[in-house]
Structure formats: structure tokens, C-alpha cells
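Trainee: I am new to this structure. Please show me how to read its features one at a time.

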Protein chains: 2
Amino acid sequence: MVESMAVMLDALPRLESAIGAVRPVDPSWLHRAEVKLAHLTKPPNSLGRLESLAARLCAVQETVSPRAAPRRIVVFAADHGVTAEGVSAYPSAVTAQMVGGFLRGGAAINALARTASADVWVVDVGVAGNIDAAGADASFRSRRVRPGTGNIAEGPAMSHSELAAAIGVGFEMADAAAADGVALLACGDMGIGNTTASSAITAALARAPAAEVTGRGTGVDEQAFVRKVDVVTRALRVNRPGRAPLDVLRTVGGLEIAAIVGAYLGAAEHRMAIVGDGFIAGAAALVAAELCPSFLDYWFAGHQSSEPGHAVQLRLLRQEPLLQLDLRLGEGTGAALAMPLFGAAAAVMNDMATFDSAGVSGRREAVERAAAEA
Amino acid sequence: MVESMAVMLDALPRLESAIGAVRPVDPSWLHRAEVKLAHLTKPPNSLGRLESLAARLCAVQETVSPRAAPRRIVVFAADHGVTAEGVSAYPSAVTAQMVGGFLRGGAAINALARTASADVWVVDVGVAGNIDAAGADASFRSRRVRPGTGNIAEGPAMSHSELAAAIGVGFEMADAAAADGVALLACGDMGIGNTTASSAITAALARAPAAEVTGRGTGVDEQAFVRKVDVVTRALRVNRPGRAPLDVLRTVGGLEIAAIVGAYLGAAEHRMAIVGDGFIAGAAALVAAELCPSFLDYWFAGHQSSEPGHAVQLRLLRQEPLLQLDLRLGEGTGAALAMPLFGAAAAVMNDMATFDSAGVSGRREAVERAAAEA
């Protein structure tokens, strides 16, 4: 395992440099933000978790006047050989069809991203089928590493070089977002079969039994669910990835999950705020956090999905989700719903008056103390 | 109690007609919305509570293509004689000062409403102090019924005619919102001392002990908290309002709370979607729901505040909040944060493609059935 990590880092110097370059946020910025918040015309801490969100955003950007725009959601799409085991309610062909839907703007993520004022980029990192990209604009990136992973129930998902390439696609998208001045980045996923891969990653990294971290995905019936738990168990038995994050990702992961890992670490390196999505992006967050614990300073839990393994991930990632609306769609939809809360947090820091500037009396104790001193 | 209800309805025919005019939503619209949702390019129910929100919005508007804009937040401000008992961390003068802050646009509600694309109206329904309205635009309404309520620890908050006038102010604002085509209405509050009145209303209507529904409001210390619980208990003992909602509202309520009751019932009469706010607006929702249970079909729990009495209210109102971010500010801030979720729900209904139109394969069972039939 140590060996394959060395091979990987050799193959992808960027990953190694990013892991070294992601610094923990400077806690003095949290303090400066809290001081500013205490002077705004509201009772102390009365905006609750919006205040801690605002303070974290300040720390990420090293300012007390943070930005929450421009916003971007990069949807990474790839197929999964494990669909041969009958683990999904939909055929593999749906991955390419849904990517076509993203490009025409009619999918859930398009609708929700528009309401969140976020642009959507779609990246084919390993779709098996033919994508109808007619009419697609410049936000589509074809970076197909291979047409779908191998069947993880029988062997590794991908080779070392394929893993390096997929992670590299993620870095490329993080760099593009940074070049475009993106303040909030989210990564979404599309890939029939990818809850199975995410369950396998989560089981390996959380040392949890497959049954605890496996859910119904897009909505399989009881029989298929039992089969899915068995497939996750077999994938871990056949591949024996241990707990080294890159081995787990390579053997039981997915190309889109690997790309999200790269995008996450690249975004953290660029000091960008990252809005977490659901169970698939959560699996990528687990891998990124294992590789580089400081990454979590830049990553914000956007929502908690109804996939049981997502709660396990969030416990390991030590964050409370901003939203809990029982979503289980992926695509970046949970992150899109959470993005307006970042806009609200930034507005509190940038647009509110202070007690002094507004001529509003302070708290009773302060008023009484001032009266006693007069 | 029955008698004073009769007096009230005599004094305010509009209240009586509204209570009669608010019809339950037609459940066939929920069904039609669910049918449309089932055809969109996503696994069934994968958008979780966003789908039930969308369906309810459809039922309110009797359409499957709902609107979530224009949006308005009406902040009703009034003072409370009970502040003489030392129940708040801030002096009463802060109510007028904060209203001035709203009019200059520097308060939390201004900042958050802007990010939610909602306009803010400010209504003085009973402020005691002088409001500096210099520079205020047309969104300010001076409708002062009396300069603050009486001290509820010693007697009733207001007279029957004052209650009728305050409720009438709320109806006026609902009518104005309807005339302006508002699709989403929220009511906020400003009034030093109003968590004490809201605790008394909640204790009376929920038949709960004062200590269970009293919190720290803007942040009083332990000594003031004990005093506050005692004041709520005394207010109920002195006024003996029973459980008739208008008696409760008149004797231990507040002018801004009464105005919210009127605005809520007026909005429901106009078939407008209402976004609930925190503990103060929640007290008004309890009163409105007691007067007219169908009102709840139009009211959506926006968030759950950290005031302990708010959870008690939401249980009685039988709704899960959309957000739980530990806010305890009022002003309509919780509702403002929830509004983008309505925009997202409407976008799902209006902007998503169907499986057929997108050329995406359906669920495995459907695909297999079609294959078997071929």
C-alpha cells in the first residue's frame, strides 16, 4: 500500500505538491470575523450557524468581507462496471443520456444551479456510452480516461495510471475555477452504479460493515439491495484495499470520484470554499481528508442525504450539514441548495451596520455600565 | 371567552369573513404535482422534501407550474410594557432604533432579504419611541395603534378595539401584497420584550408550563431568565386568558403579533404561500391556526429557532422546519433564509425535462418490462 502510494505520487507530482500546499486556515481570521460579528446590529450569536459559516468563509479567504460568488458546480460523469451485478434500478446507458440532459439544461442540477446563480460544468471522465453533445456550450469537457471502470466485484476499478489521470482531470477543473475567480466550488456526480462504489469506499475508510453504509441508491428493491450489500462485501474481499486512501479509490472507487478528489484538493490549494454534496462527493471528501486533513478547513458540509452511508461520512468528516432535506440525487443538487446560505453569510459580513454606526443602544449590561459610569 | 370572541368578530368583520373564506387546499393538486414530479429526469422522490415543498406550493396556487416570486417580508414592530419587569437584555428604546436601522437598510433582515430577492416592508404597529424615518422609502407604513402594550404581568396587553386595529393592519398588508402579485409572503417582528409575550401565548395555547416555552430571547443571563419565567407565569395568572385564541392574543400578546395574525389569515385568504419565521411569528401562527385550521395549508415552517418554545409550536403546527440553523433573531431572517428553497422547488416543477422529452431510459423494471413485451 505504501508502495502504490509512492508510485502514484511519482505519477502525479501535482497531487503530492497539493497535499503539501494545502495549509490549515489561520484561526486568527476566525477570531477577527467573530469580533466583527459581535459589533453588528443583532444580539450576540443570534444568527446561529450562519455566523459560524460566515466566520469559516472569512478564514478561508483571509478577509472579514468574504465573497460567495461567482459559484460553480462541476459535474463529473463516469460509468461503473459493477452495474453488471444488477446493483442499480437504471441501466448504464442512462449515464450518457443524463449527461446529454445536463448539456441541454433540463436536469435537476441545471434547474437548481440557476436558482443558486451557479454555472454548471459537465466533465466526462469515464462515460461508457455515446454522449449527444449537440448544442453543448463551452462548459462541457470531454476527458474520458476509460469507458467506465472495471467491475469492482471481480477486480480493481482502474489502473494506477488511470487513477492518476482521473485525479488530474479534477485538478484541471479546480485550476480553471481558480482562474475564473470562483469563490464557491461544488462537485457533483453522475454515474449509474456509483453509490455501490461509494459504499465500498466508505466501508473501507470508516471500517464499517457493508450493510451499514449501503443504501437504496436510485431506488432498488429489497432483492437488489441485498445483492448490492453482497457486491460491496465482495468488492472489498476481492480487492483487499486496506485503508490507504489511494488504494481504496483505485480498487473500489470510480473515475468521477477520483476526479472529485483532485478537484477538492486543487480547490483547497487555491483557498477556495468547497460546498459538499451528497454520498458520492462525500466518498471523495473522505479520501481527500485522509490524504490531507487540512482539506477539511476548506470543505463545508452542504447537506445530508438520505443514503445511510452519508451520515457515517459526515461523522468522520466532523461536520454538521447545513441542510437535511432527504435528497438522494447527487449531481451537485444538495450543494446547489446550500449555496444561497453562503450568500447570506457573506451578506451579513458585508452589508450589516454596527451598533455604533446605526445609533442603536447596546445590551442592557453595557447600557447600565455606561449609565453608572456617567 | 366566547363572549369576547363575539365582540371581536363584531368589531372586525374582515376577520370573520377571512376565517370563513380560507379553504383547505384541493388535494387533487398535490396529486397532479406528484404525477408531474414522477415524470421528471430523476429517480422517484430523489429530491426528498424539496418535492413535497413543490407539491404543496402547487396546491396553494392550483397549478403544476408554481411561482416563487415576487417575495416580500413584512416586518411588524411594536413595544411591550412587560420590559418594565427586566425581561430583556436590551432597553425598549432599541425597538425604535432598530426600526430606523431597517429603514436605512443595514439590519440583518435587509441583508438577508436582498440575498433572497425579497423586498422588505416595515410597519410600525405600536412602537413606543420616536422612529427616525429620514430617508425611508415607500416601504415604511406608520400604523401605530398605541405606543407599546400594557405590562402583561399586571393586566391585559391591549383592549378589544386595539386588538381589532392591530389585526386590521395585518390584513391591510396582506391585501397590499396580493395587489402586488406577491407569491411568497413572510412576516417578521421587531419588539424588545416580545419573546416574553410569545412564551405566554405558547404556554396558554399549548397548555405547557412557562418554563418549557421560555428561552433566553436576545440573550438574558440566568437571573433575568428566572425572572422571565416568573413574569410569564404571572401574566397568565393575572389575565386568565383560557385557551380562546383571541383572548390569549389580546391579554398576553403583542401588537406586532396581532398584526402578523391578520397578515397570515389575509394571505391565506388570498391563496398566497406563507413562509414561517421564528418564535414570535410562530406564536402568531398558533393563534391563526386555532382560529382557522385551514390556514396551515398555506403556511410553511421556514426554520426552527433555538428558542425552546419554537419546537413546541412546530409540534402543534405539525410541520418539520425546512432549516435548523440555531437562529434566534426574528425580523423575518429565518424566513428569508428559507425562501431560496421555494425558488428551487418551483424551478424543479418549471424547468426540468421529462424522461420522454430527454430521451432518457426509465427505471430497470420499466426497461425490462418493455423488453419482455417486445
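Mentor: Start with a term. Helices and strands are DSSP runs, numbered from the N terminus, with at least four residues for a helix and at least two for a strand. Keep in mind that this model is predicted.

Trainee: Where is Pro70(A) found in those terms?

Mentor: Pro70(A) sits in the loop between α4 (49–61) and β1 (71–78) of chain A. Look at the bond before Pro70(A). The peptide bond from Ala69(A) to Pro70(A) is cis, with omega near -5 degrees.

Trainee: And which residues does the cis peptide bond join in chain B?

Mentor: There, Ala69(B) and Pro70(B) are joined by a cis peptide bond, with omega about 0 degrees. Pro70(B) lies in the loop between α4 and β1 (71–78) of chain B.

Trainee: What is the sign of phi at Asn45(B)?

Mentor: Positive, at about 60 degrees, although Asn45(B) is not a glycine. Find Asn45(B) in the loop between α3 (27–38) and α4 of chain B.

Trainee: Now the sheet. In what order do the strands of chain B run?

Mentor: Read across the sheet, not along the sequence. The order is β3-β2-β1-β4-β5-β6 in chain B. These 6 strands form an open sheet, and the pairing is parallel. The edges are β3 (140–142) and β6 (299–300) of chain B, each pairing on one side only.

Trainee: How many bridges join β4 to β5 of chain B?

Mentor: Strand β4 (residues 184–190) and strand β5 (residues 273–275) of chain B run parallel, joined by 3 bridges. Leu184(B) stands opposite Ala273(B) in β5(B).

Trainee: How are the two chains related? What turn lays chain B on chain A?

Mentor: A turn of 180 degrees, with a shift of 0.0 Å along the axis, lays chain B on chain A with an RMSD of 0.0 Å. That is the relation of a two-fold axis. The same surface serves both copies: in chain A, 100% of the contact residues of chain B recur.

Trainee: How many residues are in contact, and what area is buried?

Mentor: In chain B, 59 residues are in contact with 59 residues of chain A. About 4600 Å² is buried between the chains, and carbon and sulfur atoms give 61% of that area.

Trainee: Which polar links does the rule find across the interface?

Mentor: There are 8 residue pairs in polar contact, both residues at pLDDT 80 or more. Several elements of chain B give two or more residues to this side, including α4 (49–61) and α5 (93–104). The most comes from α14(B), with 9 residues. By class, the side of chain B that touches chain A has 30 nonpolar, 19 polar and 10 charged residues.

How values were computed
Residues numbered from 1 in each chain as written. Chains lettered and ligands numbered in written order. Predicted model: local features only at pLDDT ≥ 70, side-chain atom pairs only at ≥ 80, totals over all residues. Heavy atoms only, no water. Least-squares fit on C-alpha atoms with pLDDT ≥ 70 in both. Contact = heavy atoms within 4.5 Å. Buried area = accessible area lost by both parts, 1.4 Å probe. Polar contact = N/O pair within 3.5 Å; in protein donor to acceptor, adjacent residues only side chain to side chain. Nonpolar A, V, L, I, M, F, W, Y, C, P; charged D, E, K, R; others polar. Pairing = 2+ DSSP bridges.
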